[in-house]
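Hi there,

Here is the structure I promised to pass on. Have a look at it first, and my notes follow below.

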Amino acid sequence: MGLAEDLSDVALTFECPDCSHPAVRKGSALRTIAHFKCDGCNAKVRITYPQKLAIFEKHRLLAAGDRRQQGREHYGARNNIDRAADAAEVASRPLPRAATRA
């Protein structure tokens with residue numbers, strides 16, 4: 001899976017584990033940072049590689065769901081079980097607090 005190159009120029013959204021304030025960073029920036037300062041609570045929050053993987057996967061699944069929805073609208077097909085939407089919902093839950101904080 002990894003940190004997808006195709007999301008480099010995409011604004012990725014994730015939440016501060018302390019206050020749930022949304023943070024937005026480009027994929028290229030998110031790949032390189034180890035910490036971010038929350039605009040909501042001013043905490044310096046450590047962001048781990050597994051957390052980054054979850055953020056990238058969430059946005060990859062959301063993009064896949066958008067493409068599927070566009071295809072359904074184009075072809076008129078409907079599917080009651082949309083696994084991408086279910087996975088995106090799970091991935092959109094707040095990230096767990098990292099065990100170590102700098």
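Let me start with a question: does Asn42 count as buried or exposed? Asn42 counts as exposed, because its relative accessibility is 54% and the cut-off for exposed is over 50%. Please keep in mind that this is a predicted model. Asn42 lies in the loop between β3 (35–37) and β4 (44–46), and its phi is positive, about 60 degrees, although Asn42 is not a glycine.

Ser20 is another non-glycine residue with a positive phi, near 65 degrees. Ser20 sits in the loop between β1 and β2, a hairpin with 6 residues between the strands. With a relative accessible area of 41%, Ser20 is partly exposed.

The two strands of that hairpin, β1 and β2 (residues 22–26), pair in the antiparallel sense over 5 bridges. Within this pairing, Thr13 stands opposite Val24 of β2. Side chains in a regular strand alternate between the two faces of the sheet. In β1, Leu12 and Phe14 form the covered face, while Ala11, Thr13 and Glu15 form the uncovered one.

Phe14 also leads to the interior. The largest nonpolar core has 16 residues, and Phe14, Leu30, Phe36, Ile47, Ile55 and Phe56 are those with the most contacts inside it. β1 (11–15) and α2 (49–75) each supply at least two residues of this core, and α2 gives the most, with 3 residues. Leaving aside residues up to four places away in sequence, Ile47 touches Phe14, Leu30, Ile33, Ala34, His35, Phe36, Lys52 and Ile55.

Happy to talk it over whenever suits you.

Best wishes

Terms used
Residues numbered from 1 in each chain as written. Predicted model: local features only at pLDDT ≥ 70, side-chain atom pairs only at ≥ 80, totals over all residues. Heavy atoms only, no water. Core = buried A, V, L, I, M, F, W, Y, C linked by side-chain atoms within 4.5 Å. Buried < 20%, exposed > 50% of the residue type's maximum accessible area, 1.4 Å probe, protein only. Helix = DSSP H or I, 4+ residues; strand = E, 2+ residues; numbered from the N terminus. Contact = heavy atoms within 4.5 Å. Pairing = 2+ DSSP bridges.
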